There are 2 protein chains.
Amino acid sequence: MAAAAPPPPPSPAPSVISEDLLPTSHNLFSRIRLAKIADVPHIHKLIHQMAVFERLTHLFSATESSLSSTLFPPNPPQPFTSFTVFLLEVSRTPFVSIDQINPSFDPVYKTVMIDVPINDPEAELFKSGAGGGGNDIVVAGFVLFFPNYSTFLAKPGFYIEDIFVRECYRRKGFGKMLLSAVAAQAAKMGYGRVEWVVLDWNVNAIKFYEEMGAEVMKEWRVCRLTGEALQTFANVNI
Amino acid sequence: MAAAAPPPPPSPAPSVISEDLLPTSHNLFSRIRLAKIADVPHIHKLIHQMAVFERLTHLFSATESSLSSTLFPPNPPQPFTSFTVFLLEVSRTPFVSIDQINPSFDPVYKTVMIDVPINDPEAELFKSGAGGGGNDIVVAGFVLFFPNYSTFLAKPGFYIEDIFVRECYRRKGFGKMLLSAVAAQAAKMGYGRVEWVVLDWNVNAIKFYEEMGAEVMKEWRVCRLTGEALQTFANVNI
């Protein structure tokens with residue numbers, strides 16, 4: 001989908017806590033790292049969940065095989081010069097940061113305080129194959145982005161195609177963490193912009209984006225040529 | 001600018017012709033080819049004209065040098081895998097098609113019938129350095145595009161950042177010809193989509209795009225993080 005799903009808004013503390021649970025704090029450890037081809041099954045499931053969330057499963061036709069060949073081609077281009085996926089992982093135990101070092105990107109680590117341990121009904125399904133922590137690392141979300149270009153600035157930027165956090169991990173700042181990881185990479189590379197799209201009725205997401213300093217371009221409309229219309233128009237010059 | 005300038009609508013014949021001019025037809029030969037680094041001075045002037053047209057010169061900071069280094073880096077990626085420019089050239093004499101063959105892209109040729117020869121006040125300024133025709137080849141426009149990606153399709157597509165035709169060559173179908181060249185390349189590569197943006201008040205352009213089969217996505221809004229806000233947000237995870 002050509003759309004960034006709404007990120008979790010800044011997280012309020014849970015307002016209702018069962019009386020027999022003391023409001024003690026728990027640590028949830030999180031990591032953002034570059035995805036690799038072994039992560040494709042998880043990426044595929046995350047994209048499908050996003051399609052369900054957006055009620056657009058009729059447009060979903062990605063397979064693990066098509067994702068592998070397009071996101072991780074045999075002769076991969078230089079890092080960040082093409083389609084790039086950051087994975088969000090969480091764990092109840094600290095990550096061992098010396099593992100999983102990819103020379104192109106230093107993972108981002110963050111510890112989030114939560115009042116009640118999260119019950120992840122899909123923990124087994126999303127168990128991460130990556131090391132660097134305990135046995136309980138699960139994939140919780142992703143962001144897919146790629147370079148775009150501003151002719152006025154004569155500079156590349158990044159376009160965020162998708163950002164998604166699984167339901168039980170929302171409202172904890174992970175959407176913001178993923179967005180910020182892309183912004184940090186853009187800044188590091190001297191890029192001029194980070195752009196994405198949002199649905200106009202998603203006022204919470206728009207408010208969140210504006211508060212973080214993004215400009216919502218109210219006058220621009222996205223045009224899309226696809227399917228048969230694309231094939232037909234492709235023949236205009238023949 | 002993050003915007004496709006409106007293309008010329010289908011060209012009506014000039015409605016007023018001076019009485020002492022017989023409405024004879026003239027041929028205007030045109031060609032679309034891949035741009036090369038030697039074309040950067042022309043590309044720079046075209047982008048500047050677009051900024052003037054859009055009244056956005058205050059956002060224009062591209063230089064020939066910054067365009068060269070970002071569009072034509074020393075180790076260029078595979079053709080069409082990054083930022084790509086097609087140039088539109090016109091000539092009063094036929095192009096010699098055996099020249100200027102780039103293995104990555106066969107130029108598109110089209111002959112346009114016009115009633116009155118075009119007076120191009122900038123013909124000298126935009127004289128093309130490329131061969132393959134007479135001495136009167138001038139650069140008349142360009143389109144800049146790059147790959148994007150649909151996670152739902154698990155397929156790349158193309159995003160058109162800019163499309164521009166110089167004023168005296170508008171309303172002759174050249175905008176459509178440039179768009180179609182990008183669509184044809186997408187179709188050839190098995191890509192799923194071609195996308196761009198348009199200003200919501202530009203009803204003529206929207207009508208033109210819809211007639212050619214494009215969908216105008218009315219609910220999506222483009223969000224942009226740039227300048228100091230980008231730098232600030234990049235530090236959120238630190």
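Reader: How many residues of chain B are in contact with residues of chain A, and how many of chain A with chain B?

Author: This is a predicted model, and within it 77 residues of chain B are in contact with 76 residues of chain A. Between them the two chains bury about 7,200 Å², and 62% of that area lies on carbon and sulfur atoms.

Reader: How should the relation of chain B to chain A be read, and what rotation superposes the one on the other?

Author: Two copies of a chain are related by a rotation about an axis and a shift along it. Here chain B is superposed on chain A by a rotation of 180° with 0.0 Å of shift along the axis, at an RMSD of 0.0 Å. That is the relation of a two-fold axis. The C-alpha of R221(B) is the one in chain B nearest the axis, at 3.4 Å from it. The same surface serves both copies, in that 99% of the contact residues of chain B recur in chain A.

Reader: Which polar features are found between the chains, and how many salt bridges are counted there?

Author: Four salt bridges are counted between chain B and chain A, while a search of the whole structure gives 19 over all chains. One of these is formed by R221(B) with D200(A), whose closest N and O atoms are 3.5 Å apart. R221(B) belongs to strand β8 (residues 220-226) of chain B, and D200(A) to the loop between β6 (193-199) and α4 (203-211) of chain A, so the pair joins two chains. The side chains of D200(B) and R221(A) also meet in a salt bridge, at 3.5 Å from N to O. Across this interface, 34 residue pairs are in polar contact, both residues having pLDDT 80 or more. On the side of chain B that touches chain A, α3(B) gives the most, with eight residues.

Reader: Turning to the sheets, in what order do the strands of the open sheet that contains β8(A) run?

Author: One reads such a sheet strand by strand from edge to edge. The order of this open sheet of eight strands is β3(B)-β1(B)-β2(B)-β4(B)-β5(B)-β6(B)-β8(A)-β7(B), and its pairing is mixed. Its edge strands, each of which pairs on one side only, are β3 (108-114) and β7 (215-217) of chain B. From one strand to the next, the twist averages 30°. Helix α3 (residues 174-188) of chain B packs on the sheet, where it touches β8 (220-226) of chain A together with β1 (26-34), β2 (84-91), β3, β4, β5 and β6 (193-199) of chain B, and its direction makes about 165° with that of β5(B).

Reader: Do β4 and β5 of chain B run parallel or antiparallel, and how many bridges join them?

Author: These two strands, β4 (residues 138-150) and β5 (residues 155-165) of chain B, run antiparallel and are joined by 10 bridges. Within this pairing, F145(B) stands opposite I160(B) in β5(B).

Reader: What is the order of the open sheet that contains β8(B)?

Author: Eight strands form this open sheet with mixed pairing, in the order β3(A)-β1(A)-β2(A)-β4(A)-β5(A)-β6(A)-β8(B)-β7(A). The edges are β3 (108-114) and β7 (215-217) of chain A, each pairing on one side only, and the twist averages 30° from one strand to the next. Strands β2 (residues 84-91) and β4 (residues 138-150) of chain A run antiparallel and are joined by seven bridges; the bridge partner of L88(A) in β4(A) is G141(A). Helix α4(A) packs on the sheet and touches β6 and β7 of chain A together with β8 of chain B, its direction making about 160° with that of β6(A).

Key
Residues numbered from 1 in each chain as written. Chains lettered and ligands numbered in written order. Predicted model: local features only at pLDDT ≥ 70, side-chain atom pairs only at ≥ 80, totals over all residues. Heavy atoms only, no water. Pairing = 2+ DSSP bridges. Helix = DSSP H or I, 4+ residues; strand = E, 2+ residues; numbered from the N terminus. Axes fitted to C-alpha atoms, helices over the stretch in contact; angles between N-to-C directions. Contact = heavy atoms within 4.5 Å. Least-squares fit on C-alpha atoms with pLDDT ≥ 70 in both. Buried area = accessible area lost by both parts, 1.4 Å probe. Polar contact = N/O pair within 3.5 Å; in protein donor to acceptor, adjacent residues only side chain to side chain.
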